[in-house]
Amino acid sequence: APSLPDLTRRWWRRLPAPVRSGAAAGVVAVGLVIACASLVAVGWIINGRAAIGAIVAGLGLDAIGGIALGLAQLAILPNLVVWIAAWLAGPGFVVGQGSQYSPTEVVGAPLPALPIMGALPSRVDVASAPELVPLLIVLIGAVAGWYLSRRIIRNTWRTPLLAALAGTAATWLGAFVLLACASGSAGPGRLAVVGAHLGVVPLLIAAEVG
């Protein structure tokens with residue numbers, strides 16, 4: 001059977017070169033956003049190690065239970081990274097109805113007894129200028145723009161504009177897919193609302209990158 005690249009190559013080559021270059025830059029931008037979110041996740045886990053340890057101690061697990069819980073944490077970790085991408089964009093995310101986690105506002109609520117939930121911030125760090133956090137995604141857009149400028153031929157004024165629009169659209173699509181996979185319902189009651197707003201956050205990430 002033909003491979004996926006063989007099936008898609010003919011359609012991919014039919015697209016104008018600026019659109020292909022812009023789509024590649026959008027993928028680069030989404031990858032950089034996730035990379036930065038991963039670094040922030042590591043920082044949150046280190047900062048919340050006391051709360052995480054308290055949750056583990058309160059569960060009173062044996063060896064088998066500890067292994068099972070560790071695997072469950074690894075399954076939840078990608079969701080946390082994607083939520084932090086929404087946090088970097090500005091609007092943030094929710095873990096249960098009535099909660100809010102954003103750079104400028106933290107509204108806590110009862111959480112599941114999962115150790116990784118101890119990594120979530122409990123307050124806004126005013127000393128770190130939280131209103132400037134979305135500028136990180138703007139800087140990522142600048143890096144993607146530098147990557148794009150090296151891939152296009154500026155034969156007309158339309159070429160950079162078309163490439164930038166394609167990159168913005170690819171960023172929106174990538175952000176939307178990732179946030180859709182990490183949002184929705186995680187259980188009954190309050191946990192029926194988890195993740196980021198799919199109508200606002202992907203659009204805002206794309207706008208900041210663009």
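Modeller: Before we start, helices here are DSSP runs of at least four residues, numbered from the N terminus. Keep in mind too that this is a predicted model.

Biologist: Thanks! Then which helix gives the most to the nonpolar patch?

Modeller: That is α6, with three residues. The patch is made by W172, L173, V177 and L203 and covers about 370 Å².

Biologist: Why is W172 called partly exposed?

Modeller: Buried means under 20% relative accessible area and exposed means over 50%. W172 has 34% relative accessibility, so W172 falls in between and counts as partly exposed. W172 is found in helix α6.

Biologist: What makes W172 able to count towards a patch?

Modeller: Patch residues need over 30% relative accessible area, and W172 is at 34%.

Biologist: Let's go inside. How many cavities of 30 Å³ or more are there?

Modeller: The count comes to two. About 70 Å³ of space lies in the largest cavity, and about 30 Å³ in the second largest.

Biologist: Which elements give two or more residues to the lining of the largest cavity?

Modeller: Those are α2 (17-47), α4 (63-89) and α6 (158-181). The largest share, four residues, comes from α2.

Biologist: What kinds of residue line the largest cavity?

Modeller: The lining divides into nine nonpolar, one polar and no charged residues. Among the lining residues are A29, V33, T171 and I205. Thr is not on the nonpolar or charged lists, so T171 counts as polar.

Biologist: And what lines the second largest cavity?

Modeller: I76, L80, W83, I116 and M117 do. Ile, Leu, Trp and Met count as nonpolar, and this lining has five nonpolar, no polar and no charged residues.

Terms used: Residues numbered from 1 in each chain as written. Predicted model: local features only at pLDDT ≥ 70, side-chain atom pairs only at ≥ 80, totals over all residues. Heavy atoms only, no water. 1 Å grid on protein atoms, 1.4 Å probe; cavity = no way out; pocket = protein on both sides within 12 Å on 5 of 7 lines; lining within 4 Å. Points joined across faces, edges and corners; volume = space filled by probe spheres on them. Patch = residues over 30% accessible without salt bridge, like charges linked within 9 Å, V, L, I, M, F, W, Y side chains within 5 Å. Areas by Shrake-Rupley, 256 points an atom, 1.4 Å probe, with all protein chains shown as cover. Salt bridge = Lys/Arg side-chain N within 4 Å of Asp/Glu carboxyl O. Buried < 20%, exposed > 50% of the residue type's maximum accessible area, 1.4 Å probe, protein only.
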